[in-house]
Amino acid sequence: MEQLCRDVEEMCGFRAGFYNSINFNAYFSGDQSLDWHADDEPLMGNIQEDDICITSMSLGVPRVFVLRHKATGSFQKVWLNSGDILTMEGRIQKHYLHKVFPLRPLIFTKNTVAYDLM
Ligand SMILES: O=C(O)CCC(=O)C(=O)O
């Protein structure tokens with residue numbers, strides 16, 4: 001884990017020792033999802049006062065990740081593919097919620113699967 005933190009720091013251009021943890025999320029099927037939430041556990045720091053950098057790597061089937069502003073409801077949608085690294089920085093946890101949507105598999109051939117929003 002320690003080495004993974006150092007490798008991701010280097011890839012993202014952060015100084016060595018910047019991270020105390022990185023989230024790894026494995027999605028084995030389109031059914032797996034995360035409901036609206038902010039990463040506001042004490043481990044993450046004080047989201048009300050501090051700039052927080054939360055980094056996660058997604059593994060497995062592609063996901064749709066949505067970030068929604070708490071006050072205005074405006075949102076941004078991003079596709080996360082296996083191996084993608086997502087960083088949420090600054091006051092994002094204070095002002096936004098995020099969600100990982102379930103996906104319905106659309107099977108094209110024996111070896112090819114695409115996914116669509118459920
Ligand atoms: O799969 C991802 O990278 C997003 C994970 C996420 O929303 C979280 O860990 O709170």
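These legends accompany several close-up views of a predicted model of a protein chain with a ligand.

**View 1. The whole chain, from end to end.** Let us start with the overall layout: the protein chain has 2 helices and 9 strands. Following the sequence, the elements come in the pattern α-β-β-β-β-β-β-α-β-β-β. Of the 118 residues in the protein chain, 11% are buried. Among contacts between residues at least 6 apart in sequence, 63% link residues at least 24 apart.

**View 2. How confident the prediction is along the chain.** The protein chain has a mean pLDDT of 88, and 88% of its residues reach 70 or more. Helix α2 (residues 92-95) has the highest confidence, at 96, while strand β9 (residues 113-117) has the lowest, at a mean of 65. Where pLDDT is low, the predicted coordinates should not be read in detail.

**View 3. Helix α1 and the glycine after it.** Here we visit helix α1, which spans residues 2-12. Is this helix mainly buried, or does it lie in the open? Of its 11 residues, the number buried is 0, so helix α1 lies largely in the open. Gly13 follows α1 and has a positive phi, near 80°.

**View 4. The open sheet of four strands.** In this view, 4 strands make an open sheet, ordered β2-β7-β4-β5, with antiparallel pairing. Which strands stand at its edges? They are β2 (34-37) and β5 (75-80); each has a single partner strand, so one side of each is left without a neighbour in the sheet. Ignoring direction, neighbouring strands of this sheet are turned by 15° against each other on average. For a look at one pairing, β2 and β7 (residues 96-101) run antiparallel and are joined by 2 bridges. Leu34 has Val100 in β7 as its bridge partner.

**View 5. The open sheet of three strands.** Another open sheet has 3 strands in the order β1-β3-β6, and its pairing is mixed. At the edges are β1 and β6 (85-88), each pairing on one side only. From one strand to the next, the twist averages 25°. Strands β1 and β3 run parallel, with 5 bridges between them. Look for Asn25, which stands opposite Ser58 in β3.

**View 6. The shell around the ligand.** Which residues surround the ligand? They are Asn23, Asn25, Leu34, Asp39, Ser56, Ser58, Arg63, Phe65, Leu80, Leu86, His98 and Val100. Sorted by class, this shell has 5 nonpolar, 5 polar and 2 charged residues. Strands β1 (23-27), β3 (54-60), β4 (63-69) and β7 each provide at least two residues of the shell. Two pairs from the earlier views appear again here: Leu34 with its bridge partner Val100, and Asn25 with Ser58 opposite.

**View 7. A closer look at Leu86.** Leu86 is part of strand β6 and one of the residues surrounding the ligand. How many other C-beta atoms lie within 10 Å of Leu86? There are 17, and Leu86 is partly exposed, because a residue would need 20 or more to be buried and 12 or fewer to be exposed. Not counting residues up to four places away in sequence, Leu86 touches Thr55, Ser56, Ser58, Phe65 and Leu80. Ser56 is 30 residues from Leu86 along the chain, yet their C-alpha atoms are separated by 5.3 Å.

Definitions and conventions: Residues numbered from 1 in each chain as written. Predicted model: local features only at pLDDT ≥ 70, side-chain atom pairs only at ≥ 80, totals over all residues. Pairing = 2+ DSSP bridges. Axes fitted to C-alpha atoms, helices over the stretch in contact; angles between N-to-C directions. Near = placed C-beta within 6 Å. Nonpolar A, V, L, I, M, F, W, Y, C, P; charged D, E, K, R; others polar. Contact = placed C-beta atoms within 7 Å. pLDDT = per-residue confidence, 0-100.
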